[in-house]
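Subject: Structure handover

Hello,

Here is the structure I promised to pass on. Please open it alongside this message; my notes follow below.

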Amino acid sequence: MIEINVVTLFPEMIEGALRFGVLGQALEKKLLQVQTTNPRQFTTDNHKSVDDRPYGGGDGMVMLPEVLKKTID
């Protein structure tokens with residue numbers, strides 16, 4: 001069996017998409033196991049913040065390293 005762990009803010013989207021096609025068949029036959037982990041579970045603030053602005057400015061957001069480390073551990 002192949003085991004895959006996915007870190008995602010949208011676990012329902014991943015789990016839903018895996019129900020179809022070849023991956024869905026592999027899950028049904030117990031050839032594949034997929035676990036999702038939402039990093040918001042490991043936040044400490046009331047807003048469940050997982051990202052911050054990039055150092056030096058610019059577009060986009062970056063994952064807070066503390067939250068990501070707790071998620072992976």
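I72 is exposed, because its relative accessible area is 61% and the cut-off for exposed is over 50%. Bear in mind that this is a predicted model. I72 sits in helix α3, which covers residues 65-72. On the surface, I72 joins V7, M63 and L68 in a nonpolar patch. Together these residues have about 330 Å² of accessible area.

Now step back to T71. This residue also belongs to helix α3. Is T71 buried or exposed? T71 is buried, with a relative accessible area of 9%; the limit for buried is under 20%. The side chain of T71 reaches back to the backbone oxygen of V67, at 2.8 Å. Leaving out residues up to four places away in sequence, T71 touches V7, T37, P39 and F42. V7 turns up here as a contact of T71, and V7 is also a member of the surface patch.

V67 comes next. Helix α3 holds this residue too. V67 is buried, with a relative accessible area of 8%. Which residues does V67 contact, leaving aside neighbours within four places in sequence? They are P39, F42, T43, S49 and V50. P39 and F42 appear among the contacts of T71 as well. P54 is another matter: V67 and P54 are 13 residues apart in sequence, and their C-alpha atoms are 16 Å apart in space.

From V67, follow the contact to T43. T43 lies in the loop between β2 (32-37) and β3 (51-52). T43 counts as buried, because its relative accessibility is 11%. Its side chain has a polar atom 3.0 Å from the backbone oxygen of R40. Not counting residues up to four places away in sequence, T43 touches K48, S49, V50 and V67. S49 and V50 are contacts of V67 too.

K48 deserves its own look. This residue lies in the loop between β2 and β3. At 40% relative accessibility, K48 counts as partly exposed. Its phi is positive, about 55°, although K48 is not a glycine. Most residues other than glycine have a negative phi.

Where is the other positive phi I noted, the one at K30? K30 lies in the loop between α2 (21-28) and β2. Its phi is about 60°, and K30 is not a glycine either. K30 is exposed, with a relative accessible area of 60%.

Last, the strands. How many residues of β1 are buried? Strand β1 covers residues 2-7, and of its six residues the number buried is zero, so the strand lies largely in the open. β1 and β2 run parallel, joined by six bridges. One of the pairings takes I2 to L32 in β2.

To start your own tour, go to helix α3 and find T71 and V67, both buried. Then turn to I72 in that helix, which is exposed. From there, move to the loop between β2 and β3 for T43 and K48.

Best wishes

Terms used
Residues numbered from 1 in each chain as written. Predicted model: local features only at pLDDT ≥ 70, side-chain atom pairs only at ≥ 80, totals over all residues. Heavy atoms only, no water. Patch = residues over 30% accessible without salt bridge, like charges linked within 9 Å, V, L, I, M, F, W, Y side chains within 5 Å. Areas by Shrake-Rupley, 256 points an atom, 1.4 Å probe, with all protein chains shown as cover. Salt bridge = Lys/Arg side-chain N within 4 Å of Asp/Glu carboxyl O. Helix = DSSP H or I, 4+ residues; strand = E, 2+ residues; numbered from the N terminus. Buried < 20%, exposed > 50% of the residue type's maximum accessible area, 1.4 Å probe, protein only. Polar contact = N/O pair within 3.5 Å; in protein donor to acceptor, adjacent residues only side chain to side chain. Contact = heavy atoms within 4.5 Å. Pairing = 2+ DSSP bridges.
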